[in-house]
Amino acid sequence: MHESLSYLAYLAISIALTVWVARTLSTNGEVFLVDCFGHDEVLARSTNHLLVVGFYLVNLGFILLALQFGKPPETLPEAIRYLSSKVGFAVLVLGAMHFFNMNAIAKFGRKVGAWFREEQWAASARPAAPEA
């Protein structure tokens, strides 16, 4: 009985945390992405959506695979330890994914932003086309 309840609680808590983190990062991260991508809102929204999909796939895959690890609990104290270690590890993976994504966005975003600013500078430096 403790084993089944522990599995259900682990899945419910871990999936709920994953959804909450993804929504929070998506909502609050869009402003960051717009700035990184030279104020191109379409590119930022598209990138944001792709990041959320990837975030869900990796984290939900990890959560489901992690079910097979660990000794199933037989008592209530074991169930609490089992659940806390499983959820704790899932939270660490969520955090690692967040930092990985932020690092990648910061590096890639700076490049895109630099390209955008170079193009703006080049466009402003070009002589105007003669009117006919």
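**Note on a predicted three-helix model**

1. S14 is a buried residue, since its relative accessible area is 1%, and the cut-off for burial is under 20%. The model discussed here is a predicted one. S14 lies in helix α1, which covers residues 2-36. Setting aside residues up to four places away in sequence, S14 touches I63, V87 and A90.

2. The overall architecture can be stated briefly. The protein chain contains 3 helices and 0 strands. Followed along the sequence, these elements give the pattern α-α-α.

3. On burial and contacts across the chain, two values deserve mention. Of the 132 residues in the protein chain, 27% are buried. Among contacts with a separation of 6 or more, 74% are between residues 24 or more positions apart.

4. Which residues form the largest nonpolar core? This core has 7 residues, namely V21, A22, V52, F55, V93, L94 and M97. The elements that each supply two or more residues to this core are α1, α2 (41-65) and α3 (76-125). Helix α3 provides the largest share, with 3 residues.

5. M97, a member of this largest core, may be examined individually. When its neighbours within four places in sequence are left aside, M97 is in contact with F55, V58 and N59. Of these partners, F55 is also listed in the largest core.

6. There is, in addition, a second and separate core. This core has 6 residues, including V34, C36, F37 and A44.

7. The outside of the chain should be considered alongside its interior. The accessible surface of the protein chain amounts to about 9,000 Å². Carbon and sulfur atoms account for 70% of that surface.

8. Where the surface is concerned, one nonpolar patch can be singled out. M1, L5 and L8 make this patch, which has an area of about 380 Å².

9. Is L8, a residue of this patch, buried or exposed? L8 counts as exposed because its relative accessibility is 56%, and the exposed class begins at over 50%. The place of L8 is in helix α1, the helix in which S14 is also found. Helix α1 thus carries both the buried S14 and the exposed L8.

Conventions. Residues are numbered from 1 along each chain as its sequence is written. This is a predicted model: local features need pLDDT of at least 70, side-chain atom pairs count only at pLDDT 80 or more; totals for chains, interfaces and linings use all residues. Side-chain values use heavy atoms; hydrogens and water are left out. Helices (H or I, at least four residues) and strands (E, at least two) are DSSP runs, numbered from the N terminus. Buried means under 20% relative accessible area, exposed over 50%, partly exposed in between (1.4 Å probe, protein chains only). Contact means heavy atoms within 4.5 Å. A nonpolar core is a set of buried Ala, Val, Leu, Ile, Met, Phe, Trp, Tyr and Cys residues joined through side-chain atoms within 4.5 Å. Accessible areas come from the Shrake-Rupley method with a 1.4 Å probe; for residues, only the protein chains shown count as cover. Patches are made of residues with over 30% relative accessible area and no salt bridge: like charges are joined within 9 Å, nonpolar side chains (Val, Leu, Ile, Met, Phe, Trp, Tyr) within 5 Å. A salt bridge is a side-chain nitrogen of Lys or Arg within 4 Å of a carboxyl oxygen of Asp or Glu.
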